[in-house]
Amino acid sequence: MFRNSAEADVHGAWERFVRGEDDIYGVRPEVAISWQRSRDQYRVDPFLSEVPNAVSQVTHSLDQDVVFAELGFCAAAMAQEVADAGGVVTIADANGRVLSAWGDKATRSIATAGGLAPWFCWSESAVGTNSMGTALTAHRAVMIKQSEHWCQAFHDWSCGAIAIRDLVSRAPLAVLNISSWRKDLPLSAKRWLEKSAAHTQNSLRKRAQDSGGELLAAYAQARGTSNRPLVAVDTAGSVVIADDTASVMLGVPANMPAVDPVIRWTPQLPTLIHAARYATKRSTSDPGWTGSTQIFTPLADQPSPIGIRPVFLHSYLIGHLISFGVSDGEQFPRTETGTVMPGKARRIVAMREENRMVLLGTAEVAVAESDGNQVWLHTDQGRLPAALSGLDKLENDLADTGGFLRVHRQYLVNLSRVREVERRDKGELLLVMDDPDNTLIPVSRRNTPAVRRALNI
């Protein structure tokens, strides 16, 4: 039944995990994390026998249409090689809905009978761990082999997939997949997936750079009609350009265009990022929308009003112009940094050892500390390495919980775990955390006002 002990170990771990145990010895971390989501978050039946149909037709953006066309060319070019290896290539949208399939006729017949065909949904929430659905949650190629699939019905398949992501928001646009029935994938499968994704991302990058240029033009036009502090941000809230005054408030360079989406500036005001993302949601559904709110800045003890005007290119939202001191348009509530928002529970994954993970609730993590690309978590169970790389990524993942605040370039703290605040002679702040080590965390001078507001001190 199993060709080696590793496959037997994975199947045994799957059987135990399905029964409700948490022993995942022998299972790769990314698979084990996906199993946890499948069982505990999505509650997918591991003995599901039929893949569900997509609920409804989904409207795709212009970028998604570009991606589908690019991936179609890649898949068609690879189709004969995949067919010769007895495999199937599929393309699915950001919801896991399969759009098209190519490959070996006999394998496609089996795949169609099993739901690996157009208009069936392969998101993790629908069928649990699988290459397409799991790739939509990851930022790299995902290979899922036999018993690593959550549903037993797919244990005869070996699959690999990679998601194509929007270069600005990092949201998935589509996913490219290759599958084999009762055999391993070709050794070249992962390399082909990565090469196809890189080719498609290059097309998106050119479009994003063009959008950045249009944002610069809109910014220049607005600067000519107003002397208020002004910043141009993309749809995710990253800064494309800011004037002298706005740059001081946001902690970004002044008058330095960042057209390329890869090198845009991250403002040091989480509330401005939240406001920009809210504006993206509102103006996507209502192109005529404009709005305003209030945010705290390092230059004032009271919140400052900001006005937001969306910028479109050929009816496609590319970003926003944000003016300080303006209160035009729809008034929406300001986001208070440090206020925990209900219904935003998260799991933070730490590593105990190579094959054992610790699934932590946010309340169990006092501090996240950056050491290069490695992130260390100060927890009730001691200091543990995080499963993901990069403090910026963790900060972004936890942004909408409202409970974590970046107080220093190396430290992200859980505000509910601050026990004491120590003030030094020159006004510097030190936070004393309530973890077992009573860890001392320095607060950078720039972040001091935000910390004081968040802790009401």
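This report describes the overall build of a predicted protein model and the salt bridges within it.

## Overall form

The protein contains eleven helices and 21 strands. Its C-alpha trace extends over about 70 × 55 × 35 Å along the principal axes. For 457 residues, a compact globule would be expected to have a radius of gyration near 23 Å, and the value of 24 Å found for the protein agrees with this.

Of the 457 residues, 50% are buried. Among contacts with a separation of 6 or more, 55% are made by residues 24 or more positions apart.

## Surface and charge

The accessible surface of the protein amounts to about 21400 Å². Carbon and sulfur atoms contribute 50% of that surface.

The protein carries 48 positive and 51 negative side chains. The centres of these two sets are 2 Å apart.

## Salt bridges across the chain

The protein has 21 salt bridges in total. One of the salt bridges joins the side chains of glutamate 30 and arginine 140, with an N to O distance of 3.4 Å. This pair connects distant parts of the chain, as its two residues are 110 residues apart. Glutamate 30 belongs to helix α2, which covers residues 29-41, while arginine 140 sits in the loop between α6 (131-135) and β3 (142-145).

A further salt bridge, at 2.8 Å from N to O, is formed by the side chains of arginine 417 and aspartate 380. Arginine 417 is in the loop between β18 (411-414) and β19 (418-423), and aspartate 380 is in the loop between β15 (374-379) and β16 (382-385), so the salt bridge ties together parts of the chain 37 residues apart in sequence. The two partners are covered to unlike degrees: arginine 417 has a relative accessibility of 7% and therefore counts as buried, whereas aspartate 380, at 43%, counts as partly exposed.

Salt bridges with shared partners also build one network out of Arg28, Glu30, Arg140 and Glu148. Glutamate 30 and arginine 140, the pair described above, are thus members of this network.

## A buried salt bridge

The side chains of aspartate 93 and arginine 97 meet in a salt bridge with an N to O distance of 3.2 Å. Aspartate 93 has a relative accessible area of 0% and is therefore buried. Arginine 97 likewise counts as buried, because its relative accessibility is 4% and the cut-off for burial is under 20%.

Key
Residues numbered from 1 in each chain as written. Predicted model: local features only at pLDDT ≥ 70, side-chain atom pairs only at ≥ 80, totals over all residues. Heavy atoms only, no water. Salt bridge = Lys/Arg side-chain N within 4 Å of Asp/Glu carboxyl O. Helix = DSSP H or I, 4+ residues; strand = E, 2+ residues; numbered from the N terminus. Buried < 20%, exposed > 50% of the residue type's maximum accessible area, 1.4 Å probe, protein only. Rg over C-alpha atoms; globule rule 2.2 N^0.38 Å. Contact = heavy atoms within 4.5 Å. Areas by Shrake-Rupley, 256 points an atom, 1.4 Å probe, with all protein chains shown as cover. Lys, Arg positive; Asp, Glu negative; His and termini not counted. Charge placed at Lys NZ, Arg CZ, Asp CG, Glu CD.
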